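Thanks for sending this one over. Here are my reading notes, set out point by point so that you can follow along on screen.

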Amino acid sequence: MLSKLIKYELKDASHSLFPIGLGMAILSVISALMVGSATKGFDLSRLPFYPLLSGLVGLLTFICVIAVVVICLMSNVGSFYRMLGHRGYLEMSLPVTIHQHIAAKLISAVLTTLLTLIFLNLCGFVIVLPNQPANWFNTMLGEGLNMLQNTPISFTLLLVLFLLAGVAMFYLHTYLSCAIGGFFPQQRKLASIITFFILQFVAQVLFLLVVSFAFSHMESLVDALGRFAIDILNSTDGEWKIFYGSLTGVVVIEVLIDAVLWFVTRTILVKSLNLP
């Protein structure tokens, strides 16, 4: 049932993203044609209205990039937000648990966000490609493949986990904000937005308090960790070891925060908002 929910969420998100994505692709091709016109024998820059046309296309492309990102985020957040409204009566009638609902929406949100970022990078690649040397693509492809071959699989997996956990943290943060906003049905959207920024502020304050406490009350532990880091840095491949250790610690913290956000959101939905 979870796979069906994920397919439904992906289909729902694609309805919002496809039109603006198509517009972005068209603008990317137009920009590429304008950039590469001089090297193809029909230099558009000689036209009297070229500066105006070039500026307009550039502005539209920039606006479209922002629109793609905003629509992607709003579509994924809106799916969870609507579940707490009238749409929730339909979704909650399905024979699935609230865990499955959250999981489906979160997986769909992370996937669509990553695909959107990949799509925007491809559009940027299309725009700059005509202005590059003939062998630029083959050179870039070769360097990319060499980098992948020379990079340990564990490092690549760690970076992927770091990215996935970070994107999931953002969406779980917004889900919790929407869940708390559900306590105010008359001003649910406003309450969700205010809660989003309040939670951010609280998280920053907690982080500063933890750091301050560690440096003021755990000096011996901090000094020991500093000496340990210096010893590792001076050892063979010390920089890589420090980087691996730091990135692993960040990923662990991200996963723990994701788990807390998931648990609190699920608790609010089940116990406080009376969802199954």
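The points below go from the overall fold to the salt bridges, the cavity, the pocket and the surface.

1. **Model and confidence.** Please keep in mind that this is a predicted model. The mean pLDDT of the chain is 80, with 72% of residues at 70 or more. Confidence varies between elements: helix H4 (residues 98–128) has the highest mean pLDDT, 89, while helix H8 (residues 219–234) has the lowest, 62.

2. **Overall make-up.** The chain is built with 9 helices and 0 strands, so the pattern along the sequence reads α-α-α-α-α-α-α-α-α. Of its 276 residues, 32% count as buried.

3. **A buried salt bridge.** The structure holds 2 salt bridges. In one of them, Lys-105 pairs with Glu-9, and their closest N and O atoms are 2.7 Å apart. This pair joins distant parts of the chain, with Lys-105 in helix H4 and Glu-9 in helix H1, 96 residues apart. Are these two partners buried or exposed? Lys-105 is buried because its relative accessible area is 3%, and Glu-9 also counts as buried, at 6%. Both values fall under the 20% cut-off for that class.

4. **The other salt bridge.** Arg-82 and Asp-12 meet through their side chains, at 3.3 Å from N to O. Arg-82 belongs to helix H2 and Asp-12 to helix H1, so this pair ties together parts that lie 70 residues apart in sequence. Arg-82 is partly exposed, with a relative accessible area of 33%.

5. **The enclosed cavity.** How many cavities of 30 Å³ or more does the model have? The count is 1, and the volume of this cavity is about 60 Å³. Its lining includes Glu-9 and Lys-105, the partners of the buried bridge, as well as Asp-12. The other lining residues are Ala-13, Ser-75, Asn-76, Ser-79, Ser-108, Ala-109 and Tyr-175. Helices H1 (2–36), H2 and H4 each give two or more residues to this lining.

6. **The largest pocket.** This open site has a volume of about 780 Å³. It is lined by 19 residues, and those nearest its centre are Met-169, Ala-203, Gln-204, Phe-207 and Ile-257. Which elements give two or more residues to the lining? They are helix H6 (153–181), helix H7 (188–217) and helix H9 (238–272). The largest share comes from H7, with 10 residues.

7. **A buried position in H4.** Thr-116 sits in helix H4. With a relative accessible area of 8%, Thr-116 is buried, because that class covers values under 20%. The C-alpha atoms of Thr-116 and Leu-73 are 10.0 Å apart, although 43 residues separate the two along the chain.

8. **A nonpolar patch on the surface.** It is worth turning the model to look at this one. Leu-56, Leu-59, Leu-60, Phe-62, Ile-63, Ile-66, Val-70 and Met-74 make a nonpolar surface patch of about 760 Å². One of these residues, Met-74, lies in helix H2 (residues 50–83). Why does Met-74 count as exposed? Its relative accessibility is 55%, and the exposed class takes in values over 50%.

How values were computed:
Residues are numbered from 1 along each chain as its sequence is written. Side-chain values use heavy atoms; hydrogens and water are left out. Patches are made of residues with over 30% relative accessible area and no salt bridge: like charges are joined within 9 Å, nonpolar side chains (Val, Leu, Ile, Met, Phe, Trp, Tyr) within 5 Å. Accessible areas come from the Shrake-Rupley method with a 1.4 Å probe; for residues, only the protein chains shown count as cover. A salt bridge is a side-chain nitrogen of Lys or Arg within 4 Å of a carboxyl oxygen of Asp or Glu. Helices (H or I, at least four residues) and strands (E, at least two) are DSSP runs, numbered from the N terminus. Buried means under 20% relative accessible area, exposed over 50%, partly exposed in between (1.4 Å probe, protein chains only). pLDDT is the predictor's confidence in each residue, from 0 to 100. On a 1 Å grid over the protein atoms alone, a cavity is a set of points where a 1.4 Å probe fits but cannot get out, and a pocket is an open set with protein on both sides within 12 Å along at least five of seven lines; lining residues have an atom within 4 Å of a point. Grid points are joined across faces, edges and corners, and a volume is the space filled by probe spheres set on the points.
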